[in-house]
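Please open the model in your viewer and keep the selection panel at hand. The stops below follow one another, each saying what to select and what is found there.

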Amino acid sequence: MKEYGGYLSLELLQGSEYYQNNVEYGVLSVNCGRTAFYCALLDAKPEKIYLPHFNCKMSLDPILDLGIDYEFYYLDDDLTPKDICPKENEMVMWINYYGNASSEQIQKVVHQYSNLLIDNCHAFFNKPIPGVYNAYSCRKFFGVNDGAYLIKNKLKDIDLPDETSYENAIHLLKSLDCSTNAAYAENLANETRLEHNYRSMSKLTHRILQSIDYDRVYTIRRRNWETIHAILGGINDFPLNLDVKQCMCYPFLKVDDNLRKKLIENKIYVPSWWAHVPEQTGYSELETKLSKYVFVLPIDQRYTEDDMIYLGNFVKKALGGA
């Protein structure tokens with residue numbers, strides 16, 4: 001029964017989610033990327049899955065929870081899988097790293113592997129590819145405390161427990177009154193609650209996602225990418241795809257053991273992605289370099305062109321440039 005009267009709740013615009021009205025595909029709205037992987041595995045039922053060494057350690061959780069055999073693979077220089085030959089009843093998971101993959105790289109992987117899960121958690125605006133599983137994370141692009149999508153043609157509905165997330169939204173509210181760093185502990189607590197917690201997307205997250213101006217977000221991220229690249233492009237050793245410009249971050253590669261410390265000391269928070277990877281790979285040259293020396297500079301919709309100019313110039317100065 002509908003409620004009437006009482007106090008007013010948080011007021012948000014009522015629009016549409018970015019992938020809500022995608023009539024070409026089946027769309028599952030779930031609470032996090034790991035749940036999207038979990039549902040893809042339930043739907044595909046592979047006997048084995050191949051996944052990259054260069055990956056979040058917790059991406060293995062749904063594979064272990066479902067008891068599926070797995071094998072890690074190394075990356076080729078273009079960040080596509082190297083030297084794997086899956087059988088017909090086996091699956092490959094591949095990451096669109098930093099949202100930077102070109103259409104040629106994507107099509108290369110799609111043509112090589114018939115049973116494929118593309119992890120687009122770094123590439124929210126990258127269009128789904130027909131015939132494969134496409135996973136997206138909302139939390140990496142928007143201010144929500146859960147949320148992900150799994151998209152594929154003829155995707156069967158999977159019954160998941162309902163998620164409620166209001167008790168874990170304090171970091172989103174606290175960051176507005178205080179700062180992002182002030183709510184860091186609460187954010188970590190929210191991350192922890194999602195571990196091995198395979199549920200649907202919460203109603204709170206649905207409402208927040210329905211209030212977002214996605215065109216504005218895309219435009220700001222693209223502009224910020226272009227602005228910081230104009231400053232750092234000449235000294236960036238990462239092979240950037242110049243046609244994308246809507247990545248989760250600006251991946252800046254430089255072999256420098258002091259840069260991260262200098263950035264953090266100046267309140268430029270650049271996480272070290274997947275610090276377990278060098279040891280896991282036996283210190284493979286490519287994976288170790290990516291883990292230790294890619295600095296994921298923020299370019300999201302919170303920031304202006306002036307912010308990007310400041311960040312770019314700070315990095316150059318910290319490296320000893322003019």
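Begin by selecting Val92, which stands opposite Leu116 in β6. Before moving on, note that this is a predicted model, in which local features need pLDDT of at least 70 and side-chain atom pairs count only at pLDDT 80 or more, while totals for chains, interfaces and linings use all residues. Residues are numbered from 1 along each chain as its sequence is written, and side-chain values use heavy atoms, with hydrogens and water left out.

Now widen the selection to β5, residues 90-95; strands here are DSSP runs of E of at least two residues, helices are runs of H or I of at least four, and both are numbered from the N terminus. Six of the six residues of β5 are buried, where buried means under 20% relative accessible area, exposed over 50% and partly exposed in between, with a 1.4 Å probe and protein chains only. If you show the side chains, Glu90, Val92 and Trp94 point one way from the strand, whereas Met91, Met93 and Ile95 point the other way.

Next, add the neighbours of β5. Strand β6 (116-119) runs parallel to β5 and is joined to it by four bridges, and strand β2, residues 48-52, is also parallel to β5, with three bridges between them; two strands count as paired if DSSP finds at least two bridges between them. On the β2 side, select Lys48, whose bridge partner in β5 is Glu90.

Zoom out to the whole sheet, an open one of eight strands in the order β1-β8-β7-β6-β5-β2-β3-β4, with mixed pairing. At its edges stand β1 (26-30) and β4 (81-82), each with a single partner strand, so one side of each has no neighbour in the sheet. For the β4 edge, select β3, residues 69-75, which pairs with β4 in the antiparallel sense over two bridges; there Leu75 stands opposite Pro81.

From the sheet, go to helix α3, residues 103-112, which lies across β4, β5 and β6 and runs at about 155 degrees to β6. Axes are lines fitted to C-alpha atoms, for helices over the stretch in contact, and angles run from 0 to 180 degrees between N-to-C directions. In the loop between β5 and α3, select Ser102, which counts as buried because its relative accessibility is 12%. A C-alpha to C-alpha distance drawn from Ser102 to Ser16 gives 28 Å, for two residues 86 apart in sequence.

Two helix pairs complete the tour. Select α7 (residues 214-232) and α11 (residues 305-318), whose axes come within 9 Å and cross at roughly 30 degrees; the two are therefore roughly parallel, given that angles under 35 degrees count as roughly parallel, over 145 as roughly antiparallel, 65 to 115 as roughly perpendicular and the rest as oblique. Among the residues that meet, in contact (heavy atoms within 4.5 Å), are Ile228 and Ile231 of α7 and Met308 and Leu311 of α11.

Finally, select α4 (residues 170-177) and α5 (residues 184-193), whose axes come within 8 Å and cross at roughly 160 degrees, so that these helices are roughly antiparallel to each other. The residues to display are Ile170, His171 and Lys174 of α4 together with Glu186, Asn187 and Asn190 of α5.
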